[in-house]
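Visitor: Could you pick one part of this structure and take me through it slowly? I'd like to see what sits around it, too.

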Amino acid sequence: MPVCYKTCLLIDDNYIDNFVTRKILESGNFAENIIVHQSPTDAIEALRNGSVKPDVIFLDIRMPQMTGFEFLQEFETMKMDDKDKVKIFILSSSLDPTDLSNTLNNKYVAQFLHKPLTHEALEELCT
């Protein structure tokens with residue numbers, strides 16, 4: 001299977017979740033480059049300074065330092081080339097229907113996915 005995307009940014013405060021998701025992304029040949037940030041503020045800094053230029057972002061919602069919703073608000077204000085081409089997938093264990101509706105009402109969010117990420121879900125994202 002050919003690589004779907006050039007660069008994927010994974011933002012999640014949980015080390016184990018990042019490890020598992022990264023392995024699935026690698027084995028599914030999802031992206032050439034997979035960059036992981038446990039801190040959403042570090043991810044924002046990397047996006048702002050241009051050191052990370054993702055095609056796809058996997059974003060957790062519930063993080064202590066900054067929530068996924070707060071990240072989305074920051075992302076919206078960023079000056080970034082091709083920002084409208086970046087696909088953001090929420091990857092969360094949240095079952096709160098408010099979280100689902102809040103994310104799907106954001107113009108940058110392509111889809112809400114439940115943890116753990118699966119190869120089947122990845123295949124759908126590649127088409």
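**Helix α5 and its surroundings**

Guide: Let's start with helix α5, residues 119-126, where the buried residues are A121, L122 and L125. Around the axis these three cover an arc of only 100°, which puts them on the same side of α5. The arc is taken from the directions that run from the helix axis to the C-beta atoms. "Buried" here stands for under 20% relative accessible area, "exposed" for over 50%, and "partly exposed" for what falls in between, with a 1.4 Å probe and protein chains only. Helices are DSSP runs of H or I with at least four residues, strands are runs of E with at least two, and both are numbered from the N terminus.

Before going on, keep in mind that this is a predicted model: local features need pLDDT of at least 70, side-chain atom pairs count only at pLDDT 80 or more, and totals for chains, interfaces and linings use all residues. Residues are numbered from 1 along each chain as its sequence is written, and side-chain values use heavy atoms, with hydrogens and water left out.

Now turn α5 around: on the other side you'll find E120 and E124, both exposed. As for the buried side, its cover includes β1 (5-11), α1 (15-27), β3 (56-59), β4 (87-92) and β5 (109-114). Let's visit these in turn.

Take β3 to begin with. V56 and F58 point one way from this strand, I57 and L59 point the other way, and all of them are buried. In a regular strand, side chains alternate between the two faces of the sheet. β3 also has partners. With β1 it runs parallel, joined by four bridges, and L9 stands opposite I57 of β3. With β4 it pairs in the parallel sense as well, again over four bridges, and there L59 has I90 as its bridge partner in β4. (Two strands count as paired if DSSP finds at least two bridges between them.)

That brings us to I90, in strand β4. I90 counts as buried because its relative accessibility is 1%. Leaving aside neighbours within four places in sequence, I90 is in contact (heavy atoms within 4.5 Å) with L59, I61, L72, T103, V109, Q111, F112 and L113. Its C-alpha is 8.1 Å from that of A110, although the two residues are 20 apart in sequence.

One of those contacts deserves a stop of its own: T103, found in helix α4 (residues 97-104). With a relative accessible area of 0%, T103 is buried. Not counting residues up to four places away in sequence, T103 touches I61, F69, I90, V109 and F112.

Next comes α1, another part of the cover on α5. Helix α1 holds V20, which counts as partly exposed because its relative accessibility is 35%. V20 joins Y15, I16 and F19 in a nonpolar patch on the surface, and together they have about 420 Å² of accessible area. Such areas come from the Shrake-Rupley method with a 1.4 Å probe, and for residues only the protein chains shown count as cover. A patch is made of residues with over 30% relative accessible area and no salt bridge; like charges are joined within 9 Å, and nonpolar side chains (Val, Leu, Ile, Met, Phe, Trp, Tyr) within 5 Å. And a salt bridge is a side-chain nitrogen of Lys or Arg within 4 Å of a carboxyl oxygen of Asp or Glu.

Further along the chain, in the loop between α1 and β2 (31-37), sits N29. N29 has a phi near 55°, which is positive in a residue other than glycine. At 29% relative accessibility, N29 counts as partly exposed.

Let's finish back at our helix. P116 lies in the loop between β5 and α5, and the peptide bond from K115 to P116 is cis, with omega near -5°.

For a side-by-side look, try helix α2 (residues 40-48), where P40, A43, I44, A46 and L47 are buried. Seen down the axis of α2, they fall within an arc of 160°, so they line one face of the helix. What covers them includes β1, β2, β3 and α3. So which strands turn up in the cover of α2? β1, β2 and β3, while the cover of α5 includes β1 and β3 among others.
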